[in-house]
Amino acid sequence: MTTFVPPKQDFPLLVNREPIVYLDNAATTQKPEVVINALVDYYSQNNANVHRGVHQISDEATGMFEDARKTVAKFVNASAPDQILFTRGTTESLNLVAYTYAPTVLNDQTTVLITEMEHHSNFVPWQLICECMGAKLLAVKVNSDGTLNLDHFRELLRSNQVAIVAMTHVSNVLGTINPIREITDLAHENGAIVVIDGAQAAAHVDLDVQELDSDFYAFSSHKMYGPTGFGILYGRAELLREMGPWQGGGEMIKHVSLEKTTFQEPPHKFEAGTPDISGAIGLAAAIEYLAQQQSCGLSEFEEQLLSFATDTLLKIDGLRVIGTAAEKCGALSFLVDGTHPHDVGTLLNEQQVAVRTGHHCAIPLMEALGIPGTVRASFGLYNSKKDVDRLYEALKTAIRILRK
Ligand code: C6P
């Protein structure tokens with residue numbers, strides 16, 4: 001049994017808004033005081049543009065910004081910081097790959113493989129680029145327990161010329177942790193590169209892009225206790241070197257003339273314009289905070305909490321958990337007989353329990369499972385068994401009202 005104690009007191013919003021129980025962490029997490037302070041300190045002490053000025057404050061800001069890149073590189077075990085690209089979030093990271101790398105390998109003979117459990121962010125960009133390049137887009141089926149159908153994956157790999165496999169590490173609806181290394185090995189054996197959407201993994205799973213043999217790995221700062229509007233794309237060094245730029249503008253160029261512009265090396269080739277400097281600094285503070293919690297037994301605690309929450313909710317008559325894979329983290333989706341997810345969510349809110357309801361930006365998954373949506377409770381490092389008990393009691397009250 002882990003001795004981890006959820007540090008709710010580190011999160012001003014949770015203290016200020018008591019007695020709200022916040023169970024919408026897959027949408028966004030709350031921010032610890034150390035992250036809020038890092039932003040305030042940066043703007044109070046070090047704010048200047050980066051990579052441009054000869055003056056001292058710009059030098060300091062540049063140092064902090066590039067140190068943040070090193071912190072992220074260490075967090076995902078990248079072999080060098082220049083494999084870490086700063087973006088606005090997972091969505092932008094995935095679009096960057098779709099619009100810069102994908103056109104070099106997509107044509108009317110090639111295929112992009114996604115899965116039925118993708119968030120729209122890892123679905124729509126591939127649909128758009130496939131339409132544009134005349135390439136095929138196919139989706140791997142999801143089994144009824146919320147695992148991926150690996151036989152279907154193998155069959156699609158065998159019978160198509162797959163150039164790109166784009167897949168989520170952890171489902172934002174089902175909580176399923178996909179076997180990314182096994183999938184990546186199969187994809188590589190078939191000559192495809194792999195793009196991983198790590199939006200729901202970064203706060204819960206130990207990330208090691210070398211161990212996963214990742215080509216591209218995307219995630220968002222705001223889902224791992226960092227600021228909103230900031231994200232990461234890890235890329236394999238050779239791929240980043242070969243790829244053309246993403247957007248054009250200041251800072252990403254070596255030289256500009258009317259005839260031709262030449263570009264910086266990665267990562268700067270992909271970072272046009274003034275970046276979100278405070279976002280990088282805030283994320284670095286969040287990573288350090290998260291690492292500290294992980295060293296106190298967070299992962300084991302989160303696993304136990306999810307399993308406790310599942311067992312507790314299953315005591316409710318007519319409640320069905322959506323997504324029962326053995327390997328899960330973060331999210332617990334469910335439906336209750338005779339109730340609509342939206343009504344359940346509304347009545348939970350009236351009892352100060354915050355969850356998300358609906359399709360969770362995964363309409364193709366809802367259609368594949370034949371459900372209108374789910375109620376989703378998703379957990380963060382500050383949630384405790386007490387929060388699960390509050391959810392359980394509030395849920396019983398909601399169901400009593402709705403079944404009257
Ligand atoms: N999912 C949820 O409530 P951005 O918005 O770019 O930070 O992340 C997009 C995204 C991509 N992939 C997955 C698996 C995700 O879960 C998300 C965001 C939130 O489930 C908001 S829709």
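Q: In a predicted model such as this one, buried means under 20% relative accessible area, exposed means over 50%, and partly exposed is everything in between. Why is K70 called partly exposed?
A: K70 has a relative accessible area of 48%. That value lies between 20% and 50%, so K70 is partly exposed.

Q: What makes D67 partly exposed?
A: Its relative accessibility is 42%. This also falls between the two cut-offs, so the label fits D67.

Q: How do you know that K70 and D67 form a salt bridge?
A: Their side chains come to 3.5 Å, N to O. The rule asks for a Lys or Arg nitrogen within 4 Å of an Asp or Glu carboxyl oxygen, so the pair qualifies. K70 and D67 sit 3 residues apart in helix α3, which means about one helical turn between them.

Q: Why does R69 count as buried?
A: R69 has a relative accessible area of 1%. That is under 20%, so R69 is buried.

Q: What makes E66 and R69 a salt bridge?
A: N and O are 2.8 Å apart. The limit is 4 Å, so the pair passes. Both residues lie in helix α3, 3 residues apart.

Q: What makes R376 and D24 a salt bridge, and where do the two lie?
A: Their closest N and O atoms are 3.4 Å apart, and the cut-off is 4 Å, so the pair counts. R376 is in strand β15 (residues 374–378), while D24 is in the loop between β1 and α2. The pair links distant parts of the chain, 352 residues apart. Both R376 and D24 are buried.

Q: How many salt bridges does the rule give?
A: The count is 13.

Q: Why is V124 called partly exposed?
A: V124 shows 36% relative accessible area. That is between 20% and 50%, so it is partly exposed. V124 belongs to helix α5 (residues 124–133).

Q: Which residues join V124 in a nonpolar surface patch?
A: Y99 and L128 do. Together the three have about 240 Å² of accessible area. Patch members need over 30% relative accessible area; V124 has 36%, so it clears that bar.

Q: How do you know that helix α4 has the expected span?
A: Helix α4 (residues 90–101) has 12 residues and reaches 16 Å from its first C-alpha to its last. The expectation, at 1.5 Å a residue, is 16 Å, and the helix comes close to it.

Q: What makes α4 mostly covered?
A: In α4, 10 of 12 residues are buried. Among them are E92, N95, V97 and Y101.

Q: Which residues have the most contacts inside the largest nonpolar core?
A: V165 and F219 do, in a core of 101 residues. Helix α9 (residues 277–294) supplies the largest share of this core, 10 residues. A second, separate core has 27 residues, including V97, W126, V195 and L240.

Q: What does F219 touch, leaving aside neighbours within four places in sequence?
A: Its contacts include V72, F75, V76, L207, M224 and I232.

Q: What makes the backbone of N77 notable, and why is N77 partly exposed?
A: Phi of N77 is near 55°, a positive value in a residue other than glycine. Its relative accessible area is 32%, between the cut-offs, so N77 is partly exposed. N77 lies in the loop between α3 and β2.

Q: Why is C361 partly exposed and not buried?
A: C361 has 23% relative accessible area. Buried needs under 20%, so C361 is partly exposed.

Technical notes
Residues numbered from 1 in each chain as written. Predicted model: local features only at pLDDT ≥ 70, side-chain atom pairs only at ≥ 80, totals over all residues. Heavy atoms only, no water. Core = buried A, V, L, I, M, F, W, Y, C linked by side-chain atoms within 4.5 Å. Buried < 20%, exposed > 50% of the residue type's maximum accessible area, 1.4 Å probe, protein only. Helix = DSSP H or I, 4+ residues; strand = E, 2+ residues; numbered from the N terminus. Contact = heavy atoms within 4.5 Å. Patch = residues over 30% accessible without salt bridge, like charges linked within 9 Å, V, L, I, M, F, W, Y side chains within 5 Å. Areas by Shrake-Rupley, 256 points an atom, 1.4 Å probe, with all protein chains shown as cover. Expected span 1.5 Å × (residues − 1).
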